[in-house]
Amino acid sequence: MRFDVVTLFPELLAPFLRTGITRRAFESGQVDVQLRNLRDFAQGNYRRVDDRPFGGGPGMVMMAEPLSECLATVRAERPDNAPVVLFSPIGKPLNHAMVTRWAGSRGAVLICGRYEGIDQRFIDTHVSEQISLGDFVLSGGEIAAMALLDAVARLQPGVLGDADSHAQDSFNPALDGLLDCPHYTRPEVWQSQAVPDVLLSGHHVNIERWRREQRLLLSQRLRPDLIEQARHAGQLSQRDESVLSGYNRGLPDPL
């Protein structure tokens, strides 16, 4: 797959592509990332890419023409008609299902907006999808682009040390879309806090039962919407419902 990232600050993304475990995907070409400096497609001595908004108001707006020129160059180099993604506060919030879809795709052209936004005419003409990281505003789309690329890269075969690692992630269908359980490592006692006995027991059935209970309780406490989704999908057993019923009655967590 290939992602062409259109940005005013390629220097922000370059170190990310060389850092951490996901660099395996980028260095191997499993996830081919091409950085496109938008100023290379701007006109004039100052390589201007923005101008004042019609109608007045604060800030500047990214111009349609440099974006269109850049996209045309990308289209000429790519063999496919890749979708164009804009990172924007009005986009759909990025979630696990969307990441999984992109991880199995041929890639996209990622537009990293800046300033007050980009000319709506470019969006209407070229943008296929808009994505948001949440109900807040960033200075630009570069952080959102890195979030998507990182999430996609770690799902590629061979990138993580353990091929099953991502199957135990929060929101994964393998966990019925619930939050993951707490994790512990050495030492067994840290600042008078001990690891739960069940994790030291070696009894794998009990360990998995404890982990399921913790996923249920954590999701109920922090993301009850995930519990409702799992219930609606028929993924909660009678035992699951019993655990949740005990939590709702104020019984202690089964640590």
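Me: Taking helices as DSSP runs of H or I (at least four residues) and strands as runs of E (at least two), numbered from the N terminus, how many of each are in the protein?
Reply: Nine helices and nine strands. This is a predicted model, where local features need pLDDT of at least 70, side-chain atom pairs need 80 or more, and totals for chains, interfaces and linings use all residues. Numbering runs from 1 along each chain as written, and side-chain values use heavy atoms, without hydrogens or water.

Me: Compact globule or more spread out?
Reply: More spread out, because the radius of gyration is 23 Å, well over the 18 Å from the globule rule for 255 residues. That radius is over C-alpha atoms, and the rule is 2.2 Å times the residue count to the power 0.38. Along the principal axes, the C-alpha box is roughly 70 × 40 × 40 Å.

Me: What share is buried?
Reply: 41% of the 255 residues. Buried is under 20% relative accessible area, exposed over 50%, partly exposed in between, with a 1.4 Å probe and protein chains only.

Me: Where do the charges sit on average?
Reply: The mean positions of the 27 positive (Lys, Arg) and 32 negative (Asp, Glu) charges are 1 Å apart. His and chain ends are not counted. Each charge is placed at NZ of Lys, CZ of Arg, CG of Asp or CD of Glu.

Me: Switching to Thr 7. Which strand is Thr 7 in?
Reply: E1, residues 2-7. Thr 7 has a relative accessible area of 1%, so it counts as buried.

Me: What does the side chain of Thr 7 pair with?
Reply: Glu 142, side chain to side chain, through a polar contact of 2.6 Å. A polar contact is an N or O pair within 3.5 Å, one able to donate a hydrogen and the other to accept it; sequence neighbours count only through side-chain atoms on both sides. A polar atom of the Thr 7 side chain also lies 2.8 Å from the backbone nitrogen of Phe 9.

Me: Which residues beyond four places in sequence does Thr 7 contact?
Reply: With heavy atoms within 4.5 Å as the cut-off, Leu 13, Arg 36, Asn 37, Leu 38, Cys 112 and Glu 142.

Me: Now the backbone. Which peptide bond is cis?
Reply: Arg 186 to Pro 187, with omega near 0°. Pro 187 is in the loop between helix H6 (142-153) and strand E8 (189-190).

Me: What else is in that loop?
Reply: Phe 171 lies there. Phe 171 is not a glycine, yet its phi is positive, about 75°. At 38% relative accessibility, Phe 171 is partly exposed.

Me: Why remark on that phi sign?
Reply: Because most residues other than glycine have a negative phi.

Me: And what about the phi of Tyr 115?
Reply: Positive, about 60°. Tyr 115 sits in the loop between strand E6 (107-111) and helix H5 (120-126). Tyr 115 is partly exposed, at 39%.
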